[in-house]
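The exercises below ask you to work from coordinates to statements about burial, packing and pairing. Each task is followed by a solution that goes step by step.

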Amino acid sequence: LGDADGRAAALLGGAVPKPAASFAEARLQPSLTAAFRAAGFAAPTPIQAQVWPIATQGLDIIGIAKTGSGKTLAFLVPLIELLYRRRWS
């Protein structure tokens with residue numbers, strides 16, 4: 001998996017989860033997935049695809065990507081998921 005310029009991601013560490021190539025693979029709350037689709041997003045960006053599976057497991061991650069790549073949502077979505085699960089699960 002790489003970015004829009006064709007650069008590959010470098011992953012270091014132990015058992016790194018597989019990237020989430022789709023919202024279904026990301027296993028987000030249905031309301032969150034619906035909000036992404038309503039906003040016109042077809043799939044997670046490369047940084048989101050890499051970060052979501054790692055961060056939702058509570059693992060540490062450092063993500064570096066260009067402006068406009070989706071970094072903010074890459075790190076906010078797992079937080080929203082965590083808060084949702086703690087409150088309504």
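A residue counts as buried when its relative accessible area is under 20%, as exposed when that area is over 50%, and as partly exposed in between. The model is a predicted one, and the solutions below should be read with that in mind.

**Exercise 1. Describe the overall make-up of the protein, from its secondary structure to its surface.**

Step 1: The secondary structure comprises 4 helices and 0 strands, and from the N terminus on the order of elements is α-α-α-α.
Step 2: Of the 89 residues in the protein, 26% are buried.
Step 3: Among contacts with a separation of 6 or more, 53% are between residues 24 or more positions apart.
Step 4: The accessible surface amounts to about 6100 Å², and carbon and sulfur atoms hold 61% of that surface.

**Exercise 2. Decide how far helix α3 is covered, and identify elements that cover its buried residues.**

Step 1: Helix α3 spans residues 46–55, and 8 of its 10 residues are buried, which leaves the helix mostly covered.
Step 2: The buried residues are Ile47, Gln48, Ala49, Gln50, Val51, Trp52, Pro53 and Ile54.
Step 3: The cover over these buried residues includes α1 (23–26), α2 and α4 (71–88).
Step 4: Gln48, one of the residues of helix α3, serves as a worked case, for its relative accessible area is 4% and it is therefore buried.
Step 5: Leaving aside residues up to four places away in sequence, Gln48 touches Pro53, Gly70, Leu73 and Ala74, while its C-alpha atom is separated by 6.9 Å from that of Lys71, a residue 23 positions apart along the chain.

**Exercise 3. Characterise the aromatic pair of Phe36 and Trp52, and place it among the other ring pairs.**

Step 1: The count of aromatic pairs comes to 4.
Step 2: Phe36 and Trp52 form one of these pairs, with 5.8 Å from centre to centre and 40° between the planes, and the pair is classed as tilted.
Step 3: Because Phe36 lies in helix α2 and Trp52 in helix α3, the pair ties together parts that are 16 residues apart in sequence.
Step 4: Both Phe36 and Trp52 are buried.
Step 5: Ring pairs join Phe23, Phe36, Phe41 and Trp52 into a cluster.
Step 6: Phe23 is also touched by Thr33, which has Leu28 as a further contact when residues up to four places away in sequence are not counted; Thr33 belongs to helix α2 (residues 30–38) and, at a relative accessible area of 15%, is buried.

**Exercise 4. Examine helix α4 for a salt bridge and for a nonpolar surface patch, and state how accessible the residues Glu81, Arg85 and Leu76 are.**

Step 1: A search of the whole structure yields 1 salt bridge, in which the side chains of Glu81 and Arg85 meet at 3.1 Å, N to O.
Step 2: Glu81 and Arg85 are 4 residues apart in helix α4, so about one helical turn separates them.
Step 3: An α-helix has 3.6 residues a turn, so residues three or four places apart point the same way.
Step 4: The partners fall into separate accessibility classes, since Glu81 is buried at 2% relative accessibility, whereas Arg85, at 35%, is partly exposed.
Step 5: Leu76, Leu79, Ile80, Leu82 and Leu83 make a nonpolar surface patch of about 420 Å².
Step 6: Leu76, which is found in helix α4, has a relative accessibility of 38% and therefore counts as partly exposed.

Methods: Residues numbered from 1 in each chain as written. Predicted model: local features only at pLDDT ≥ 70, side-chain atom pairs only at ≥ 80, totals over all residues. Heavy atoms only, no water. Helix = DSSP H or I, 4+ residues; strand = E, 2+ residues; numbered from the N terminus. Buried < 20%, exposed > 50% of the residue type's maximum accessible area, 1.4 Å probe, protein only. Contact = heavy atoms within 4.5 Å. Phe/Tyr/Trp six-rings, centres within 6.5 Å; stacked < 30°, edge-to-face > 60°. Areas by Shrake-Rupley, 256 points an atom, 1.4 Å probe, with all protein chains shown as cover. Patch = residues over 30% accessible without salt bridge, like charges linked within 9 Å, V, L, I, M, F, W, Y side chains within 5 Å. Salt bridge = Lys/Arg side-chain N within 4 Å of Asp/Glu carboxyl O.
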